[in-house]
Amino acid sequence: EQLRFKLDLTQSITDNATTAIFMTDDKSRCTFMNPAAERMTGFAFGEVEGGVLHDFIHHHHPDGRPYPMPECPIDRALPEGAEVRDHEDVFFRKSGEPFPVTCNARVVYEGGVPVGTVIEVRDITKEKEAETALRESETHFRSMANNAPVMLWVTDATGSCTY
């Protein structure tokens, strides 16, 4: 009864998570995807189950060069017994569209033996777009201030001139 409750609880957590959760075995084959992962990538779990996850969503660098698995910090987590935290990268949707992500990965152990990796992925497209818009806005307003036909200055809270 307690085991059933824990299984139901785990499924509720993964089903309701807004970040993508993947699990791979010791050969980097996909053994689990939550609904958020399916929505994010466009792949249904049945399409990638048992396949090498890297080949589906992380196969190329943003510039089009192939991304070999041995160079991938996520795929190196298991053989190196490492933990990956806040790693920014680019993944690819089923459609081929690249999108920026932040990843966390941790080795899963069974009886002290590494058996796979759990990977959490967050799509940071909106954050990257906001950063770009902010930079463009600052450039625009700095250009306007620099070219204004009047004298402008900005002070901080202490009255010191900052511009």
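**Strand E1 and its surroundings**

Biologist: Which residue in E5 stands opposite Ala-20?

Modeller: This is a predicted model, where local features need pLDDT of at least 70 and side-chain atom pairs pLDDT 80 or more, while totals for chains, interfaces and linings use all residues. Residues are numbered from 1 along each chain as its sequence is written, and side-chain values use heavy atoms, without hydrogens or water. E1 (residues 20-25) and E5 (residues 113-123) run antiparallel, joined by six bridges; strands are DSSP runs of E, at least two residues, helices of H or I, at least four, numbered from the N terminus, and strands pair if DSSP finds at least two bridges. Opposite Ala-20 in E5 you'll find Val-121.

Biologist: And which residue in E2 is the bridge partner of Met-23?

Modeller: E2 (residues 30-33) also runs antiparallel to E1, with three bridges joining them. Four residues sit between the strands of this hairpin, and there Ser-28 takes a positive phi near 65°. As for Met-23, its partner in E2 is Phe-32.

Biologist: How many residues of E1 are buried?

Modeller: Buried means under 20% relative accessible area (1.4 Å probe, protein chains only). E1 is largely enclosed by the rest of the structure, because the buried residues number five of the six.

Biologist: What covers the buried residues of H5?

Modeller: In H5 (residues 73-80), the buried ones are Pro-73, Ile-74, Asp-75, Ala-77 and Leu-78. Just after H5, Gly-81 takes a positive phi of about 60°. Going by contact (heavy atoms within 4.5 Å), the cover includes E1, H4 (53-57), E3 (84-92), E4 (98-110) and E5.

Note on methods: Buried < 20%, exposed > 50% of the residue type's maximum accessible area, 1.4 Å probe, protein only.
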